[in-house]
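Let's take a walk through a protein chain, one piece at a time. Keep the picture open while you read, and try to find each part as we get to it.

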Amino acid sequence: YLVLLAYALVLAGVLVLARFGGDTVQKLLLAVGSIGGIAFGFGAQNLVKDVVTGLFIIFENQFSVGDYIQTEEATGTVEAIAVRVTYLRSAKGDQIIVPNGSIQRVINYNRGSYVAVITVPTVYENDTRRVIAVMEEALTAYGEAHRDLLEELPVVRGVDTLSSATVDISAAC
């Protein structure tokens, strides 16, 4: 209501000035109002971008409250999604407020299948074939015991890296 009242007072003032010969003042106010309108339009551009992007995020269900996501600016757990901003909580406990218009790309770690990669470093003196056999044995036993949790049985992928001190053997679940 205050905005409407201010608008009405300005309009009344312009009309009074026009009535009493304030043609120059009226043109000046019109010019200032036009420049102010353009400035306001440029300022509102980011707001409109944030709102439109926020609506797409919500309607397309790109991420939800509780999802762990990464954007260009931040990584964290989604606490809330508003039309203009998204609230994240970082691993350190900081709250991060990300304007939706700045989100270009999102990695949602809660969607899709999970793959756990286990890397076992061993010294060069160990028999690599024996280490792989022991790992396969342990992973097969784990996979059989937890079939309800796994889509596929874990597999040993083999030698992953050779460092100066160790041979790294990896497995995936």
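Start with R89, which counts as partly exposed because its relative accessibility is 30%. Its side chain meets that of E79 in a salt bridge, with 2.8 Å from N to O. R89 sits in strand β3 and E79 in strand β2, so the pair ties together parts that are ten residues apart in sequence. E79 is partly exposed as well, at 33% relative accessibility. One thing to keep in mind as you look around: this is a predicted model.

Now zoom out to the whole chain. Its secondary structure adds up to three helices and eight strands. If you read along the sequence, you meet them in the pattern α-α-β-β-β-β-β-β-α-β-β. How does the chain's radius of gyration sit against the globule rule? The radius is 31 Å, well over the 16 Å that the rule gives for 173 residues, so the chain is more spread out than a compact globule. The box filled by the C-alpha atoms tells you about the outline too: along the principal axes it is roughly 100 × 40 × 25 Å. As for what is tucked away, 21% of the 173 residues count as buried.

Next, back to the strands. Five of them form an open sheet, and the order across it is β4-β3-β2-β1-β5, with antiparallel pairing. Which strands stand at the edges? They are β4 (95–99) and β5, each with a single partner strand, so one side of each is left without a neighbour in the sheet. As a bit of background, strands of a sheet pair through backbone hydrogen bonds, either parallel or antiparallel. Look at how β5 is held: two bridges join it to β1, and these two strands run antiparallel. You can pick out one partnership there, since I69 has N108 in β5 as its bridge partner.

Strands β7 and β8 come later in the chain. Here β7 covers residues 155–162 and β8 covers residues 166–172, and they pair in the antiparallel sense over six bridges. The two form a hairpin, with three residues between them. To find your way around it, look for V156, whose bridge partner in β8 is A171.

Let's move on to the aromatic rings. The structure holds one aromatic pair. It is made of Y68 and Y109, and it is tilted: the centres are 5.7 Å apart and the planes are 40° apart. Where do the two rings come from? Y68 belongs to strand β1 (residues 68–70), while Y109 is in the loop between β5 (107–108) and β6 (117–123), so the pair links distant parts of the chain, 41 residues apart. Are the two buried or exposed, or something in between? Y68 has 33% relative accessibility, so it counts as partly exposed. Y109 counts as partly exposed too, at 38%.

Salt bridges are worth a second look, as the structure holds five of them. One of these brings together the side chains of R84 and D50, at 3.8 Å from N to O. R84 lies in the loop between β2 (75–81) and β3 (85–89) and D50 lies in helix α2, so this pair ties together parts that are 34 residues apart in sequence. The two partners have different surroundings: D50 is buried, with a relative accessible area of 9%, whereas R84 counts as partly exposed at 40% relative accessibility. Another salt bridge is formed by the side chains of K92 and D94, also with 3.8 Å from N to O. In this one, K92 counts as exposed at 73% relative accessibility, and D94 counts as partly exposed at 38%.

Last stop: the surface. L55, I58, F59 and V83 form a nonpolar patch there, and together they have about 370 Å² of accessible area. To locate the patch, start from L55, which is found in helix α2 (residues 23–60). With a relative accessible area of 34%, L55 is partly exposed. Helix α2 is also the home of D50, so you can use that helix to get from the patch back to the salt bridge with R84.

Definitions and conventions: Residues numbered from 1 in each chain as written. Predicted model: local features only at pLDDT ≥ 70, side-chain atom pairs only at ≥ 80, totals over all residues. Heavy atoms only, no water. Pairing = 2+ DSSP bridges. Helix = DSSP H or I, 4+ residues; strand = E, 2+ residues; numbered from the N terminus. Phe/Tyr/Trp six-rings, centres within 6.5 Å; stacked < 30°, edge-to-face > 60°. Buried < 20%, exposed > 50% of the residue type's maximum accessible area, 1.4 Å probe, protein only. Patch = residues over 30% accessible without salt bridge, like charges linked within 9 Å, V, L, I, M, F, W, Y side chains within 5 Å. Areas by Shrake-Rupley, 256 points an atom, 1.4 Å probe, with all protein chains shown as cover. Salt bridge = Lys/Arg side-chain N within 4 Å of Asp/Glu carboxyl O. Rg over C-alpha atoms; globule rule 2.2 N^0.38 Å.
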